[in-house]
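Hello,

Here is the structure I promised to pass on to you. Have a look at it first, and then read on for what turned up.

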Amino acid sequence: MTRTRREFLQAGAAAAGGRRRNVVFILADDAGYECFGPYGTRQYSTPVLNRLADSGVKFTHCHATPLCTPTRVALMTGRNNVRNYTDFGALRPGERTFAHLFGEAGYATAIAGKWQFQGSRNAKGTAPAEGGFDEWCLWNTPITKRERYWNPAIDLNGKLKPVSAADYGPDHFSGFLLDFIERNRTRPFFAYYPMCLTHSPFEPTPDSADRGSKDRQRNFADMVAYADKIVERFVERLERFQLMDNTLLVFTADNGTEHTIRSELRGRTIMGDKGATTDAGTHVPLVVYAPGMVRGGRVNEDLIDPTDFLPTLAEAAGLKATGHLDGRSFWPQLQGRKGSPRETVFGYYFPRPYAAAFDTPYQHPEVRWARDKRFKLYGDGRFYDVVADPEELTPLESRAERAARAKLRATLDGMPEHGAGIPRAQWERSIGAVVPRWRGARVPQ
């Protein structure tokens, strides 16, 4: 029987008053919105996410930063990178994360997948336990050296897990969290799954027809399909233990698709633009499924950015997020209320401040921008209609869009001009620098 909106709100209130809500947060790696069926692709197979979007809430304007570490720092802390980003591969020691928030409230907390936060040559980092997690099963910690897929290196609570060449990393990572959910089914839990899929190297999966394939595009498609299959495992486990009605399941991604991957979407070819600040570098999927507390079958067009997840998850669980946060909760929108949606999103990007040169897709000079659903304004004054010009090839010169420009300028003026965690010598060196457009001429970004 289909629930009415009132019944959903009553069920949610009952859950909040009794068992505390669980959270399963799934973050795909390097997969833009164009790779997922809810957004119209017929090239990639994602039947599970299709069903979850049809039964849950699909957001159409979720924008990350263009690279993994910057997005993950923002979503874990609820703070914009301009305030607390220090270097690629580093989460600044002492940062308060969503895992701290849930752990202090009595939740069991666990993470599996990719860490990549324990520091660089230029910036200190944070270990999983210091980041608030009780348990972990991770790749890319100081003790992991091998690949993340076949014959993976896995840090299981501080010790290397024995594996073989026949072992597939994503099965181990997801299996760990599935076991965590089962072991903690009688208490509230927070499970964070920053999956390794679909990041390069593009290798066959256990379901690939040709396990020896070297075709990057075909293997990438298989990896998208396998990521979808793993999402299904979480839904099945939650349903098996009758936890789905009291669990918020979130699926999103950290940045756009790798720049060698070509995707077709509604008659348009989209080249991945990971590492660049274009739509193809930042526009990511966001599907929320919570059949016991969120009325489904809806599409939401509000602007969402990575800082919004911490306050949203906190409000959904009835917790109070403290400290200076840039995020804005979209929990009211999930409940079918108007909420307080953003009019603009502020972006800050300086992924490798200590790079010798800005000459690869992932070494970018410091840049700031503000955008709404149609227009985008950079700190240096470049102004684009990103609906008509998603690759940002032709800046708008006329003043016809004066109101939009003024709104975005106000957003820029309300945020710091340079990264607080970046030494002055580094951002000064990047001023005026240019990076290649990897599909064409060298232009400012």
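**Two cysteines and what surrounds them**

Cys137 is buried, with a relative accessible area of 0%. Please keep in mind throughout that this is a predicted model. Cys196 also counts as buried, at 1% relative accessibility. Does either one take part in a bond, or do they stay free? Cys137 is in no disulfide, and the nearest cysteine sulfur, that of Cys196, is 9.6 Å away. Cys196 is likewise in no disulfide, its nearest cysteine sulfur being that of Cys137. The count for the structure is 0 disulfides.

**The sheet**

Moving on to the strands, 10 of them form an open sheet with mixed pairing. If you want to trace the sheet on screen, the order is E6-E5-E4-E3-E7-E1-E8-E11-E2-E12. Its edges are strand E6 (159–160) and strand E12 (298–304), each of which pairs on one side only. Within the sheet, strand E3 (residues 108–114) runs parallel to strand E7 (residues 189–194), and the two are paired over 4 bridges. One place to look is Ala108, whose bridge partner in E7 is Phe189.

**Helices**

Two helices lie across strands of this sheet. Helix H2 (residues 47–55) crosses strand E2 (57–63), strand E8 (247–253) and strand E11 (283–289), and runs at about 65° to E11. Helix H7 (residues 216–240) lies across strand E1 (22–28), E7, E8 and E11, with an angle of about 175° to E8.

How many residues of helix H9 (residues 309–316) are buried? The helix is mostly covered, with 7 of its 8 residues buried. These are Phe309, Leu310, Pro311, Thr312, Leu313, Ala314 and Ala316. After H9 comes Gly318, which has a positive phi, near 75°.

**A pocket to look at**

The second largest pocket has a volume of about 240 Å³. Its lining is made up of 14 residues, and those nearest its centre are Tyr33, Asp279, His283, Val386 and Val387. Which element gives the largest share of that lining? That is E2, with 3 residues. Strand E10 (268–271) and helix H8 (279–282), like E2, each supply at least two residues of the lining.

Happy to talk it through whenever suits you.

Best wishes

Conventions. Residues are numbered from 1 along each chain as its sequence is written. This is a predicted model: local features need pLDDT of at least 70, side-chain atom pairs count only at pLDDT 80 or more; totals for chains, interfaces and linings use all residues. Side-chain values use heavy atoms; hydrogens and water are left out. Two strands pair if DSSP finds at least two bridges between them. Contact means heavy atoms within 4.5 Å. Axes are lines fitted to C-alpha atoms, for helices over the stretch in contact, and angles run from 0 to 180 degrees between N-to-C directions. Buried means under 20% relative accessible area, exposed over 50%, partly exposed in between (1.4 Å probe, protein chains only). A disulfide is a pair of cysteine sulfur atoms within 2.5 Å. On a 1 Å grid over the protein atoms alone, a cavity is a set of points where a 1.4 Å probe fits but cannot get out, and a pocket is an open set with protein on both sides within 12 Å along at least five of seven lines; lining residues have an atom within 4 Å of a point. Grid points are joined across faces, edges and corners, and a volume is the space filled by probe spheres set on the points.
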